[in-house]
Each structure stands twice: as structure tokens, then as C-alpha cells.
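The following exercises are to be worked with the sequence and the model side by side. Each task is followed by a solution in steps.

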Amino acid sequence: MACAASAAVATVGLAVSPASAAPAKSATATQVKPGDACTAADLGTRHPYIKTTEVSPEITHFKGWYVTQGSTGYQSVTTSTQTTISVSVGLNGNVQGSFAVETLGTVGASLGLNVQVNYSSTSSESNTVTWNFSRPGYYGVYKGTKKVTGTYASLDCNRAQQSNGSWALRWIEGPGSGSFTTYTTLEEGAVRCEDTVPANSIMAKAKDLLDCGSPAAKAEHPAGAVAPTAKQMRDHLVQRPAPTSGTSAEPPKATGRSAQVALNCQPAVYRIDVPGKPLNWSAPLLANDGIRLRESTFFSAHLDNWRLCNVTENNGVLEASLWNWGNGGCATVPANIANQEQAYLTTATCGEDDLQRFYIYRDVPGSTKIGLQNKYTGSMMGHDRYADGELIRQYSSGRQDGTGTYALTAV
């Protein structure tokens with residue numbers, strides 16, 4: 001049985017590039033909030049905290065269409081692009097790594113919506129809608145979605161002093177925040193000027209775009225496409241094509257190897273140990289190698305010895321450069337791979353460079369356990385497995401199994 005076009009909306013698959021979009025499930029584990037308790041295993045991890053959200057209907061494809069008495073029934077209408085929406089998180093717009101995916105998943109959970117959590121885009125090309133028109137009239141044939149935007153912060157585990165003077169580990173709002181854009185499943189439909197539709201719905205947005213008060217809406221037309229009204233032309237957003245990949249094509253704008261600068265280093269010398277085990281961070285002898293887990297021996301040549309330099313502290317979080325006694329370089333994420341999940345850590349000539357700066361999150365006094373986060377990328381440091389020669393890498397959310405927690409052991 002045919003139903004009125006205005007009374008139904010179809011949910012359709014997205015035309016996405018390059019990979020299919022994965023909706024975030026609305027039911028997830030309890031989200032971390034500022035002030036919640038954390039443990040030493042969380043020192044090397046972080047989680048997103050959603051600060052603001054806004055949901056608004058958007059029409060991605062639209063066409064004015066006139067149906068006469070003899071032209072009712074199923075018709076295929078080629079719509080024109082009205083606007084495109086791409087999923088993005090942070091300044092680079094990348095949806096790469098667990099932190100970005102968790103951010104969008106948290107958004108979906110907080111709003112009770114299925115939102116896209118991988119890079120995807122509504123189509124920037126014309127799109128066909130097949131619809132059963134059961135009544136004559138002037139229709140707006142559309143595809144649309146709910147656009148979800150907002151801001152987020154980064155929550156990190158760090159020691160905090162309680163009102164009674166004791167110390168505890170708490171999730172705090174750490175450095176790093178940004179904005180996000182995503183959207184819900186794409187819907188298609190058709191709406192007439194005579195139809196009553198829910199306020200602030202995708203249908204209502206399409207009806208508004210139909211511009212029912214215009215001469216074009218009131219005039220008689222032959223069956224088929226109707227020329228765009230002035231409002232439709234005015235509201236049409238000319239945008240650049242959506243990116244063709246989910247990762248940034250350009251490396252971060254950081255030098256990686258800057259002119260050498262003088263450092264104000266603290267006198268203490270440390271090993272960065274895996275707690276309770278013999279392996280620790282060891283700087284590379286060769287410039288094209290990375291910082292690896294090694295066991296300290298007589299032949300370590302101070303490559304396992306580190307100093308904290310140009311140290312500052314803000315809200316209990318240390319910021320420092322990590323200077324290696326053995327090769328004279330500073331720990332850094334290479335600039336050409338800094339936008340990649342699991343990029344390895346290495347050393348380079350010490351310079352004024354945020355890729356060489358690290359936030360240090362500390363356990364309660366009396367414990368040497370720490371977590372480390374790169375200032376520029378926001379990623380936490382960790383390793384894939386406990387093994388001699390294993391590279392130290394960055395992970396956007398850290399290692400959730402606790403392998404990103406280290407010990408700053410004085411030598």
C-alpha cells in the first residue's frame with residue numbers, strides 16, 4: 001500500500017570516503033568525569049571529557065520536484081548537493097587513534113545518538129532519491145542528517161591534595177582540548193508545503209528550504225524538476241570537497257630538529273623504569289633509531305640516564321624536556337610522523353620545540369610512578385610489549401593495560 005510521501009522518512013546508508021562510517025553505540029561504559037578516582041595504572045592514559053554539544057538538522061541534498069495527477073508513484077529524483085559534512089576531531093580534523101574514536105563515542109553516549117566515529121563524509125556529489133509520490137503537489141526531495149558539534153577536554157590521572165592534606169589520584173582536566181563535528185545516519189524523504197512536520201526536525205529543515213511562500217512554490221509546473229528558488233540558491237553552501245582520507249596529508253608544523261638551545265637542567269639524574277622490572281628507557285646511539293627498552297649494564301654509557309630540563313609546574317602537572325646524558329639529545333616525536341598513532345620516540349638536538357616537551361603526571365608522594373604525555377601531539381607514551389629492544393611509542397589514549405606507567409628512579 002502506497003503511503004503519503006510526507007508521512008515517511010527512510011534511513012539510508014551513507015556515501016562515504018574513503019571508509020564506511022561506523023556509528024557509535026549509545027550504550028557504553030560509565031564515562032570518566034573530573035574528580036573521579038584513578039589508579040597508578042592510569043597515569044599513562046587519558047580520556048576525553050565532553051564539555052559542550054549542539055545538535056542541528058542539516059540538509060545535504062535537495063531538489064524541488066513537482067508531481068502532477070498523472071505522475072504519482074515511484075520516481076527517481078537526482079538531487080543537488082546542499083552542504084557536505086565531514087567527521088573531524090581536533091585542530092587537524094583527523095579521526096585517527098583511540099582518543100578521537102573515544103571522543104565521538106562519548107558524544108554518542110551522552111546524547112543517546114548513533115553518530116559516525118570513523119572518518120566519513122556526506123556525499124559532495126548529486127545523489128538520487130527514489131520515492132513513492134502518492135499525491136500531486138510541490139515537493140522538496142531531500143537527504144539530511146543531524147549535525148553534532150561541540151567541544152571536548154582531555155582528562156588525565158594525576159595526584160591531587162585533598163582538603164585534609166592527604167594525597168589521592170584523581171582525573172583532572174589536563175592540557176589539550178578541541179572541537180568535534182560528526183553526524184547521525186543519513187535520512188531521505190520528501191515533504192510538501194501542506195504537510196505538518198515536527199519542529200527542529202530534518203523534515204522541517206527541508207520544508208523551510210522548500211520556500212513555500214515563493215512564486216515558484218505557488219505556480220503550476222509540469223511534472224519533474226523545479227528550478228531552485230532564490231532561498232534555495234541563497235542557502236546553498238559552496239564548500240570544498242571532503243578530504244579523501246581520514247588522516248592529514250601534511251605532517252605537523254613543527255621542526256623536529258631545531259637550533260640547539262641552552263637548557264636549565266635539574267641536577268638529579270633518573271632512569272625511566274618499567275616499575276618492578278629491569279628494563280628502562282635507553283636513548284639511541286644512531287640518529288635513525290628510537291628510544292627502546294633496555295636493561296642497564298656497565299656498557300649502557302649513560303644512554304639510560306635522563307635529566308629534567310626547563311621544568312615548569314601548572315596545577316600539579318610538571319612540564320619538562322627530557323635530556324639524555326649519553327647522547328646529549330632531547331626526547332622527541334619525529335615531526336614527519338608526529339600525526340601518526342604509535343609513532344616512535346627518539347632523541348634530537350635540543351631546541352625550542354613542543355615536540356620535545358612532555359607533561360609528567362605523578363603518583364602520590366612516596367611513589368615514583370609517572371605517566372608521560374607529549375605536549376604537541378597530546379599522546380601518551382607507552383610500549384606494545386615488555387621486551388628488550390621494544391620501542392617507546394605514542395598512543396593517543398595511552399596504554400589501557402597499564403604499560404604506559406613508568407617509574408622516575410633517581411640514579
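## Exercise 1. The nonpolar cores

The largest nonpolar core of this predicted model has 30 residues, and Trp281 and Leu322 are those with the most contacts inside it.

**Task.** Determine which strands each supply at least two residues of this core, and which element gives the largest share.

**Solution.**

Step 1. Assign the core residues to strands. Those that each supply at least two residues are strand 10, strand 11 (279-282), strand 13, strand 14 (317-324), strand 17, strand 18 and strand 21.

Step 2. Rank the contributions. Strand 14 provides three residues, the largest share of this core.

Step 3. Look for a core apart from this one. Another core, of 17 residues, lies apart from it and includes Ile50, Val107, Val117 and Phe180.

## Exercise 2. Strand 17 and its partners

**Task.** State how many residues of strand 17 are buried, and identify the strands that pair with strand 17 on the evidence of bridges.

**Solution.**

Step 1. Apply the cut-off for burial, which is under 20% relative accessible area. Six of the six residues of strand 17 are buried.

Step 2. Separate the two faces. Arg357, Tyr359 and Tyr361 form one side, while Phe358, Ile360 and Arg362 form the other, and all of these residues are buried. Both faces of strand 17 are thus covered.

Step 3. Follow the bridges to strand 14. Strand 14 and strand 17 are antiparallel and pair over four bridges. Within this pairing, Glu319 has Tyr359 of strand 17 as its bridge partner.

Step 4. Follow the bridges to strand 18. Five bridges connect strand 17 with strand 18, again in the antiparallel sense. Arg362 has Ile370 in strand 18 as its bridge partner.

Step 5. Examine the connection. The hairpin of strand 17 and strand 18 has six residues between the strands, and Gly366 in this hairpin takes a positive phi near 105°.

## Exercise 3. From strand 18 to strand 21

**Task.** Describe how covered strand 18 is, and find the residue of strand 21 that stands opposite Ile370.

**Solution.**

Step 1. Count the buried positions. Strand 18 spans residues 369-374, and five of its six residues are buried, so that the strand is mostly covered.

Step 2. Count the bridges. Two bridges join strand 18 to strand 21 (residues 406-410), and these strands run antiparallel.

Step 3. Locate the residue. Ile370 stands opposite Tyr406 in strand 21. Ile370 is also the bridge partner of Arg362.

## Exercise 4. The disulfides

**Task.** Establish how many disulfides the structure holds, and give the pairing of the bonded cysteines in sequence order. Then characterise the links Cys193 to Cys212, Cys265 to Cys309 and Cys330 to Cys350.

**Solution.**

Step 1. Count and order. There are four disulfides, and the bonded cysteines, numbered in sequence order, pair as 1-2, 3-4, 5-6, 7-8.

Step 2. Take Cys193 and Cys212, whose S to S distance is 2.2 Å. The link is left-handed, with -100° about the S-S bond. Cys193 lies in the loop between strand 8 (187-192) and helix 2 (202-210), and Cys212 in the loop between helix 2 and helix 3 (215-218), so the disulfide ties together parts 19 residues apart in sequence. Cys193 is partly exposed at 22% relative accessibility, and Cys212 is partly exposed at 25%.

Step 3. Take Cys265 and Cys309, joined with an S to S distance of 1.9 Å. The disulfide is right-handed because the torsion about its S-S bond is about 95°. The pair links distant parts of the chain, 44 residues apart: Cys265 is in the loop between helix 4 (230-235) and strand 10 (270-273), and Cys309 is in strand 13 (residues 306-314). Cys265 is partly exposed, with a relative accessible area of 26%, whereas Cys309 is buried at 0%.

Step 4. Take Cys330 and Cys350, whose sulfur atoms are 2.0 Å apart. This link is right-handed, with 100° about the S-S bond. Cys330 belongs to strand 15 (residues 330-332) and Cys350 to the loop between strand 16 (346-348) and strand 17 (357-362), so parts 20 residues apart in sequence are tied together. Both Cys330 and Cys350 are buried.

How values were computed:
Residues numbered from 1 in each chain as written. Predicted model: local features only at pLDDT ≥ 70, side-chain atom pairs only at ≥ 80, totals over all residues. Heavy atoms only, no water. Disulfide = S-S within 2.5 Å. Buried < 20%, exposed > 50% of the residue type's maximum accessible area, 1.4 Å probe, protein only. Pairing = 2+ DSSP bridges. Core = buried A, V, L, I, M, F, W, Y, C linked by side-chain atoms within 4.5 Å.
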